[in-house]
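The exercises below are meant to be worked with the coordinates open beside the text. Try each task before reading its solution.

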Amino acid sequence: MIRNYFLTAWRNLKKNKLNAIVNMLGLTVAFTCCILLFLTVYREFSYDDFQTNRDRVYKVYNISYAPNGDEKDDAMSYPMGPALKADVPGIEAVTSIMDAGGTLRYKDKEIDKSVRLVDNDFFRVFSFPVVAGEKQSPLGDLGKIVLAQGTATALFGSEFPVGKMIQAKVSGQWRDLMVSAVVVDPPTNSSITYSALARIEINSNYPELKNDWTANHHPVYILAAKGVSQQQIERGMRQVVKKHNISDYSDEVMKGKGYRADANGDFFTSKLLPFSTLHFDHEMGVGNTVSKPYLYILVLIAVVVMAIACFNFINLNVARAFTRAREVGVRKTIGAGKRHIFFQLWVESLMLCLLSIMVALLLTWSVLQPFNNLFTERLDMKALLLPSVLVVTLAGVLLVSFLSGGYPAWMVSRFQVVEVLKGKVSVNKSSWLRNGLITIQFVMASLLICGTLVIYGQFEHLRTAPLGFTQESIISIPVRRNENTVRYLAALRAKLQSQPQVLSITGSGVNIGIGEDRSQSKHSIGFDWQGKQILMTMNTVDYDFLKTLDIKPIGGRDFSTAYPSDTLSTMKTVVVTESVAKQFQQKNVVGLSFISDSNRPKWNIIGVIPDIRLYSMRGKPDPIALEIRKSGGLGYILVRVRTDNPVRAMELVSAAYKGIEPDNQVKPSYLTENTRRWYDREQRLSSIFCSAAVIAILLSCLGLFAIVSLVVEQRRKEIGVRKVLGASLSQIASILSRDFVRLVLLAFVLATPIAWFALNQWLQNFSYRISIGWWVFPVAGIVTLLIAFMTISFQTIRAALANPVDSLRTE
């Protein structure tokens with residue numbers, strides 16, 4: 001019986017080729033989209049799931065409840081980790097993680113690999129298996145270093161690395177360390193990454209700052225003991241905060257400034273962020289974080305595309321069912337029951353779904369690499385071979401086949417034999433189900449078009465937003481040995497001073513945007529001055545920084561070699577932005593000198609500049625202070641060039657710098673490229689929405705095309721009679737089209753308020769955002785209507801041009 005079901009289903013599919021091709025094409029495209037989006041979402045949700053203690057690991061952060069919103073910071077001081085472990089019950093292990101930059105050297109071979117400085121508990125907190133060397137305590141003493149497998153291979157080749165002495169440059173200083181172990185490379189879905197691991201105590205400033213609670217510069221992670229809750233540990237952390245007075249301000253000062261107290265009466269406290277949520281937290285997360293709403297949007301897009309394909313399936317099968325009424329009547333006459341009819345028709349749907357999913361898997365495999373390149377993903381088809389994924393995929397295929405084929409099969413199985421054989425069963429051209437599904441399809445398509453327009457507009461708004469300086473025509477060069485930056489700057493200036501294409505050269509402690517080295521950093525400080533809270537983000541720069549970025553001081557002066565006092569070690573000479581100057585509540589801050597900390601140099605403000613953006617436009621603008629460099633330590637060289645020929649200018653600067661630091665493998669880049677990378681996530685979402693909108697429109701129109709074809713076929717005689725009676729081409733086309741055009745217009749009316757509400761909510765995530773223009777919705781509606789009308793017109797005009805004799809000769 002089952003064999004007969006499949007054999008008959010195959011014959012029916014071959015007989016109705018157009019119907020089968022349209023359904024299979026729609027389902028194949030929908031399955032392919034769903035697989036790609038599923039792989040994307042699965043990869044993001046799989047982050048850090050290999051960590052054995054994932055549910056017991058937390059990241060420590062400080063929070064204060066400011067008048068304009070909560071202020072969070074994950075930068076901790078050196079003594080924070082040891083104090084938590086010693087004073088807070090329920091904490092099993094603690095580790096700091098600090099990026100110290102660096103280079104590794106073995107004999108005559110050097111490689112650029114960043115060294116992460118951690119505590120001895122690192123391998124208790126995190127699950128990274130040791131593949132060679134000491135497994136119990138690989139960082140048991142300060143003279144040891146642990147290498148990742150890839151780093152060990154790059155440095156030692158085929159030589160066994162464990163027990164060998166190497167040199168590591170840590171924060172600009174060379175250290176002799178012994179390789180104690182080799183660990184696996186961190187997986188691509190790990191929030192914690194490393195090339196080499198060493199003890200944090202070897203950092204050059206550790207002896208000076210090991211008891212300093214005011215110098216915050218690295219995150220801290222803790223492992224909770226089994227059975228101990230997050231709330232229990234946070235109660236213990238409150239005592240550490242109060243004992244060591246971690247906050248820069250007293251509760252009275254913060255209350256006077258409008259800060260709010262939490263349920264425990266704290267204006268400032270330390271809390272824990274579950275490690276399992278780290279990848280989804282843009283503020284506290286590490287590396288390429290992603291928001292859960294973004295992933296839910298991808299799931300929603302997959303559901304929408306799949307729903308459109310299913311609606312096509314249902315509509316076509318319902319319409320086709322009436323052409324098979326006599327077949328069903330005959331089957332019932334010779335003894336077939338409702339159950340047999342239902343299974344026969346459902347097996348056809350199942351066979352189409354199975355064929356579609358097989359083609360979709362092949363299509364996914366062929367487009368996976370282009371998809372990865374386009375959306376900067378690292379997807380792998382291996383995820384589809386997991387048993388749980390295979391079960392879900394099979395269940396999904398069965399569900400789709402049942403939902404899309406079940407209703408038509410149920411409806412046909414209920415036909416009455418007598419009515420069928422008398423020819424009284426016919427399609428109702430105003431079928432509420434057909435019209436409802438077509439309307440929903442175009443509502444979804446209109447929503448995706450509106451989303452594409454608004455998301456792309458927001459992306460362009462961020463990308464082209466004024467940053468307070470001229471970013472065009474500036475080349476950023478990451479420096480490998482930043483302790484030599486001053487010497488490199490002098491050499492580069494000497495090489496390029498005669499080149500008319502080069503206008504100015506300077507240095508910066510941080511990059512602007514995300515360069516080829518993919519590195520970003522921020523150093524913020526706060527202090528109390530005459531009862532006022534002063535907060536600012538610091539950046540160390542070289543001479544000509546303002547000139548290179550085309551920033552004009554609005555008060556005071558720029559740094560200059562004519563003022564030797566600018567570089568005095570006993571003075572912190574700064575140029576501040578307007579937002580910093582306003583915090584002092586002084587009429588003129590130029591020339592203001594003050595002491596923020598008795599252990600620190602005296603401050604001297606020599607100039608004020610307009611507010612500038614050194615970081616992305618997603619968050620609030622940072623008040624910035626620029627400090628002239630005292631020696632080295634600048635991580636980037638910035639070169640302003642004439643860009644009549646940008647490729648030639650880049651080649652000129654790159655070649656000149658290559659001669660100065662020949663072993664630097666990181667390529668220079670234009671600042672416009674760097675700042676664009678700030679918004680990779682928005683660009684990726686815009687591309688996905690655009691692709692989904694195109695697919696949704698094509699699938700909707702594909703289904704509409706097939707439905708119109710069936711309607712025209714069923715109304716052939718009516719069209720012939722109308723032509724004989726004198727109806728014109730336009731009249732016939734109008735009669736056939738108007739019902740469908742009304743459905744598209746209705747879809748536009750329904751989609752507009754939904755799109756406005758959803759997109760307005762999404763825009764609230766940006767402090768710098770666009771307003772949704774009224775024109776977005778008419779444009780989406782017109783685009784949808786035009787595409788739908790062209791689809792309908794093709795069939796209706798063809799039917800109107802047909803010879804009426806062909807449809808009426810049997811009457």
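**Exercise 1.** Which residues of helix α5 (residues 149-156) are buried? Explain how they are placed around the axis, and identify what covers them.

*Solution.* The model is a predicted one. Start with accessibility: in α5, the buried residues are Thr151, Ala152, Leu155 and Phe156. Next, consider their directions from the axis: they lie on the same side of α5 because they cover an arc of only 100 degrees. A general point helps here: an α-helix has 3.6 residues a turn, so residues three or four places apart point the same way. Then look for what packs over these side chains: the cover of the buried residues of α5 includes the strands β4 (104-106), β5 (109-111), β8 (144-148), β9 (165-170) and β10 (173-183). Finally, step past the end of the helix, where glycine 157 follows α5 with a positive phi, near 65 degrees.

**Exercise 2.** Carry out the analysis for helix α3 (residues 80-87), stating which residues are buried and what they pack against.

*Solution.* The buried residues of α3 are Met80, Gly81, Ala83 and Leu84. They share one side of α3, because the arc that they cover is only 165 degrees. Searching for contacts then shows that the buried residues of α3 pack against β1 (57-66), β3 (91-99), β12 (220-224), α7 (230-244) and β13 (268-274).

**Exercise 3.** Find the partner of aspartate 74 in a salt bridge, and then examine the salt bridge between glutamate 673 and arginine 677.

*Solution.* Aspartate 74 pairs with lysine 59, and the closest N and O atoms are 2.7 Å apart. Locating both partners shows that the pair links distant parts of the chain, since aspartate 74 is in the loop between β2 (69-73) and α3 while lysine 59 is in strand β1, 15 residues apart. Lysine 59 has a relative accessible area of 2% and is therefore buried, the cut-off being under 20%.

For glutamate 673 and arginine 677, the closest N and O atoms are 3.9 Å apart, which falls within the 4 Å cut-off. These two residues are four residues apart in helix α19 (residues 671-677), so about one helical turn separates them. Glutamate 673 is partly exposed at 34% relative accessibility, whereas arginine 677, at 16%, is buried. Elsewhere, salt bridges with shared partners join Arg56, Lys85, Glu92, Asp121 and Arg124 into one network.

**Exercise 4.** How many aromatic pairs does the structure hold, and what is the geometry of the pair formed by phenylalanine 584 and phenylalanine 594?

*Solution.* The count is 22 aromatic pairs. For phenylalanine 584 and phenylalanine 594, the centres are 5.3 Å apart and the planes make an angle of 50 degrees, which classifies the pair as tilted. Phenylalanine 584 is in the loop between α17 (578-583) and β20 (593-594), and phenylalanine 594 is in strand β20, so the pair ties together parts that are ten residues apart in sequence. Both rings belong to buried residues, with relative accessibility of 0% for phenylalanine 584 and 4% for phenylalanine 594. Ring pairs also link Phe50, Phe122, Phe123, Phe126, Phe128, Tyr194, Tyr221 and Phe275 into a cluster.

**Exercise 5.** Which residues make the nonpolar surface patch of about 440 Å²?

*Solution.* The patch is made by Trp774, Trp775, Val779 and Val783. Among them, tryptophan 774 is found in the loop between α22 (729-763) and α23 (776-801), and tryptophan 774 is exposed, with a relative accessible area of 69%.

Notes: Residues are numbered from 1 along each chain as its sequence is written. This is a predicted model: local features need pLDDT of at least 70, side-chain atom pairs count only at pLDDT 80 or more; totals for chains, interfaces and linings use all residues. Side-chain values use heavy atoms; hydrogens and water are left out. Buried means under 20% relative accessible area, exposed over 50%, partly exposed in between (1.4 Å probe, protein chains only). The arc is that of the directions from the helix axis to the C-beta atoms. Contact means heavy atoms within 4.5 Å. Patches are made of residues with over 30% relative accessible area and no salt bridge: like charges are joined within 9 Å, nonpolar side chains (Val, Leu, Ile, Met, Phe, Trp, Tyr) within 5 Å. Accessible areas come from the Shrake-Rupley method with a 1.4 Å probe; for residues, only the protein chains shown count as cover. A salt bridge is a side-chain nitrogen of Lys or Arg within 4 Å of a carboxyl oxygen of Asp or Glu. Rings of Phe, Tyr and Trp (its six-membered ring) pair if their centres lie within 6.5 Å; planes under 30 degrees apart count as stacked, over 60 as edge-to-face and the rest as tilted.
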